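Got the viewer open? Here is a short tour, stop by stop, with something to select at each one.

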Amino acid sequence: MSVQRFAALALTAAAIAAAGCSGNLDEVSRVVVVTFDTTRADRIGCYGYEQASTPHLDRFAEESVLFEQAVAQAATTLPSHTTMFTGLYPQDHGVRYNLMFTLGPEADTLAESMQQAGFATAAFPATMILDKKYGPDQGFDTWVDPPTMPHDIVAHPDDIMRPAAEGVDLALDWIEEHADEKFFVWLHFYDP
């Protein structure tokens, strides 16, 4: 991913955050949610880690809203993301662990709400743990499948994820194609 592409995504997200903070949600026409999986806040500069090598993220945090207190409702990917997008605890949405549970179609998701509000929706999950067979695709018009489980995961452990740079490029291409529409995009990073 080029610095220019990252900057374009950061500027888009900053503009969206500014519009959302204005208090007039009717003016919001673009929403980008970026989730950082497998990432520890205590290793990022904007959260106080002095040895961090996260200058772009730190700069973005300076120009954005930084949440200083956030708690995951589960220690694994699929239940955490299901909670974020349904607003329900794992015991209520039924997804309690990776690869073993599926979000049922009766659940209401943020993406479905955005669709109903007239937003085009797209998701770019980075890992097969978020494969659509587990239900996280509910409400997304565009779902770019993550990599599938490699035949020999021991020999190819990195093959279970899409690199962040590739995900950003895919998302930016989609955003450019939908520039004249209201949209909701979810971009998931698995490689911290």
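Start by showing the strands: an open sheet of 4 strands has the order E1-E4-E2-E3, with parallel pairing. Two strands pair if DSSP finds at least two bridges between them, and the elements are DSSP runs numbered from the N terminus, with helices (H or I) of at least four residues and strands (E) of at least two. Strand E1 (30-36) and strand E3 (142-143) are at the edges with a single partner strand each, so one side of each has no neighbour in the sheet. As a general note, strands of a sheet pair through backbone hydrogen bonds, either parallel or antiparallel.

A word before you click on: this is a predicted model, where local features need pLDDT of at least 70, side-chain atom pairs count only at pLDDT 80 or more, and totals for chains, interfaces and linings use all residues. Residues are numbered from 1 along each chain as its sequence is written, and side-chain values use heavy atoms, leaving out hydrogens and water.

**Stop 1: across the sheet**

Select E1 together with strand E4 (residues 183-189): the two pair in the parallel sense over 7 bridges. Click Thr 35 and look across to E4, where its bridge partner is His 188. On to strand E2 (120-124), which runs parallel to E4 and is joined to it by 5 bridges. Here Ala 123 has Trp 186 of E4 as its bridge partner. E2 also pairs with E3, in the parallel sense over 2 bridges, and Ala 122 meets Thr 142 of E3 as its bridge partner.

Stay on E2 for a moment. How many of its residues are buried? The count is 5 of 5, where buried means under 20% relative accessible area, exposed over 50% and partly exposed in between (1.4 Å probe, protein chains only). Both faces are covered, with Ala 120, Ala 122 and Phe 124 on one side and Thr 121 and Ala 123 on the other.

Now add helix H6 (residues 164-177), which lies across E1, E2, E3 and E4 and runs at about 170 degrees to E4. For that angle, axes are lines fitted to C-alpha atoms, for helices over the stretch in contact, and angles run from 0 to 180 degrees between N-to-C directions.

**Stop 2: Thr 76 and helix H3**

Select Thr 76, in the loop between helix H2 (55-62) and helix H3 (77-86). Is it buried or exposed? Thr 76 is buried, at a relative accessible area of 17%. Not counting residues up to four places away in sequence, Thr 76 touches Tyr 97 and Asn 98; a contact here means heavy atoms within 4.5 Å.

Extend the selection to H3, where 9 of the 10 residues are buried. Among them are Leu 78, Pro 79, His 81 and Phe 85. What do the buried residues of H3 pack against? They pack against E1, helix H4 (90-93), helix H5 (110-116) and E4. Just after H3 comes Gly 87, with a positive phi near 75 degrees.

**Stop 3: the nonpolar cores**

Next, show side chains. The largest nonpolar core has 23 residues, and Val 31, Leu 78, Phe 140, Phe 184, Trp 186 and Tyr 190 have the most contacts inside it. H3, H5 and E4 are the elements that give two or more residues to this core. Apart from it lies another core of 14 residues, including Val 32, Ala 164, Ile 175 and Phe 189. A nonpolar core is a set of buried Ala, Val, Leu, Ile, Met, Phe, Trp, Tyr and Cys residues joined through side-chain atoms within 4.5 Å.

**Stop 4: aromatic rings**

Rings of Phe, Tyr and Trp (its six-membered ring) pair if their centres lie within 6.5 Å; planes under 30 degrees apart count as stacked, over 60 as edge-to-face and the rest as tilted. The count comes to 8 aromatic pairs. Pick Trp 143 and Trp 186: their ring centres are 6.1 Å apart and their planes at 50 degrees, so the pair is tilted. Trp 143 is in strand E3 and Trp 186 in strand E4, 43 residues apart. Both count as buried, Trp 143 at 13% relative accessibility and Trp 186 at 0%.

Then pick Trp 174 and Phe 183, with ring centres 5.8 Å apart and planes at 85 degrees, so this pair is edge-to-face. Trp 174 and Phe 183 are buried too. To finish, select Phe 85, Phe 140, Trp 143, Phe 184 and Trp 186, which ring pairs link into a cluster.
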